[in-house]
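Trainee: Hi! I have a new structure open and could use a guide. Can we go through it together?

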Amino acid sequence: MSDQYRVRNPEEVYFVTFTIVDWVDVFTRPSYKQLIIESLIYCQQQKGLEVYSYCLMTNHLHLLVSAKHPATLPDIIRDFKKYTSKEIVKLIQNEPESRRDWILYRFQYHTKYSSRVQDYKVWQDGYHGIACDNASILSQKLNYIHNNPVRAGIVIVSEHYQYSSAANYAGEEGMMNVVLLDFGFAF
């Protein structure tokens with residue numbers, strides 16, 4: 001991973017993206033999506049993760065996040081990806097999934113490129129962390145995250161996408177609580 005995208009200042013807010021290997025569309029079933037939401041909530045409550053914004057798409061997750069001291073963002077991300085990898089594979093193996101063999105084959109195929117993973121590799125390495133150290137960058141990343149499902153043609157209005165914090169920013173209840181960023185103007 002490039003030094004340019006490493007978490008350097010644990011106090012800052014970071015824009016991070018986690019991507020499924022081969023961009024496989026895993027998050028098409030509600031149980032898979034719910035696993036990610038529940039795992040993020042757990043990290044908020046138990047590991048010190050501060051979530052300012054999120055959007056779960058079919059094959060990637062965007063977040064604006066930071067970590068509460070003494071927790072560190074790289075440690076939280078590592079644990080999140082490790083746990084969700086195992087749980088995603090279990091769900092695929094145990095629930096009705098028409099693409100089960102193909103998805104598991106893709107995940108198994110990628111283990112030969114990683115010495116750390118033995119059975120299945122679900123997430124791509126890294127998370128492309130970009131420091132959001134000023135209001136302009138925060139605003140741009142927040143808009144990017146919330147408009148992702150609009151650009152993908154899933155919804156017309158960003159706050160209608162259930163697996164995003166756009167509803168929270170529109171004054172509605174989202175699937176999970178987030179720390180709202182206030183710039184004194186509407187997004």
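Mentor: Happy to! Let's begin with a term: accessible areas here come from the Shrake-Rupley method with a 1.4 Å probe. Keep in mind that this is a predicted model.

Trainee: Okay, so what does the accessible surface of the protein chain come to?

Mentor: About 9900 Å², and carbon and sulfur atoms hold 48% of that surface.

Trainee: And what share of the residues is buried?

Mentor: Buried residues are 48% of the 187 in the protein chain.

Trainee: How many helices and strands should I look for?

Mentor: Look for 5 helices and 4 strands. Starting at the N terminus, their order is β-α-β-β-α-α-β-α-α.

Trainee: What about contacts between residues far apart in sequence?

Mentor: Take the contacts with a separation of 6 or more: 67% of them are between residues 24 or more positions apart.

Trainee: Let's zoom in on β1. Is that strand mostly covered or mostly open?

Mentor: Mostly covered: β1 spans residues 14-19, and 6 of its 6 residues are buried.

Trainee: Which way do the side chains of β1 point?

Mentor: Tyr 14, Val 16 and Phe 18 point one way, while Phe 15, Thr 17 and Thr 19 point the other way. That fits a general pattern, because side chains in a regular strand alternate between the two faces of the sheet. In β1, the residues on both sides are buried.

Trainee: Which strands does β1 pair with?

Mentor: One is β3, paired with β1 in the antiparallel sense over 6 bridges. Another is β4, residues 130-131, which is also antiparallel to β1, over 2 bridges. Tyr 14 is a handy landmark for both: in β3 it stands opposite Val 65, and in β4 it stands opposite Ala 131.

Trainee: Nice. Switching topic: how many salt bridges are there?

Mentor: The count is 9. One of them joins the side chains of Lys 47 and Asp 79, at 3.0 Å from N to O.

Trainee: Where do those two sit in the chain?

Mentor: Lys 47 is in helix α1 (residues 30-47) and Asp 79 is in helix α2 (residues 73-94), so the pair links distant parts of the chain, 32 residues apart.

Trainee: Are Lys 47 and Asp 79 buried or exposed?

Mentor: In between. Lys 47 has 28% relative accessibility, so it counts as partly exposed. Asp 79 is partly exposed too, because its relative accessible area is 25%.

Trainee: Got another salt bridge for me?

Mentor: Sure: Glu 50 and Lys 68, with 3.9 Å from N to O. This pair also links distant parts of the chain: Glu 50 is in strand β2 (residues 49-56), and Lys 68 is in the loop between β3 (60-67) and α2, 18 residues apart. Lys 68 is partly exposed, at 42% relative accessible area.

Trainee: What about Asp 125 and Lys 121?

Mentor: They form a salt bridge as well, with the closest N and O atoms 2.5 Å apart. Asp 125 is partly exposed at 48%, whereas Lys 121 is buried at 9%.

Trainee: Which residues are joined into a network by shared partners?

Mentor: Lys 47, Asp 75, Arg 78 and Asp 79 are joined into one network by salt bridges that share partners.

Trainee: Last one: where is Ser 164, and what does it touch?

Mentor: Ser 164 is in the loop between α4 (135-151) and α5 (166-169). Leaving out residues up to four places away in sequence, Ser 164 touches Tyr 54, Cys 55 and His 146.

Trainee: And why is Ser 164 called buried?

Mentor: Because its relative accessible area is 0%, and buried means under 20%.

How values were computed:
Residues numbered from 1 in each chain as written. Predicted model: local features only at pLDDT ≥ 70, side-chain atom pairs only at ≥ 80, totals over all residues. Heavy atoms only, no water. Salt bridge = Lys/Arg side-chain N within 4 Å of Asp/Glu carboxyl O. Buried < 20%, exposed > 50% of the residue type's maximum accessible area, 1.4 Å probe, protein only. Contact = heavy atoms within 4.5 Å. Pairing = 2+ DSSP bridges.
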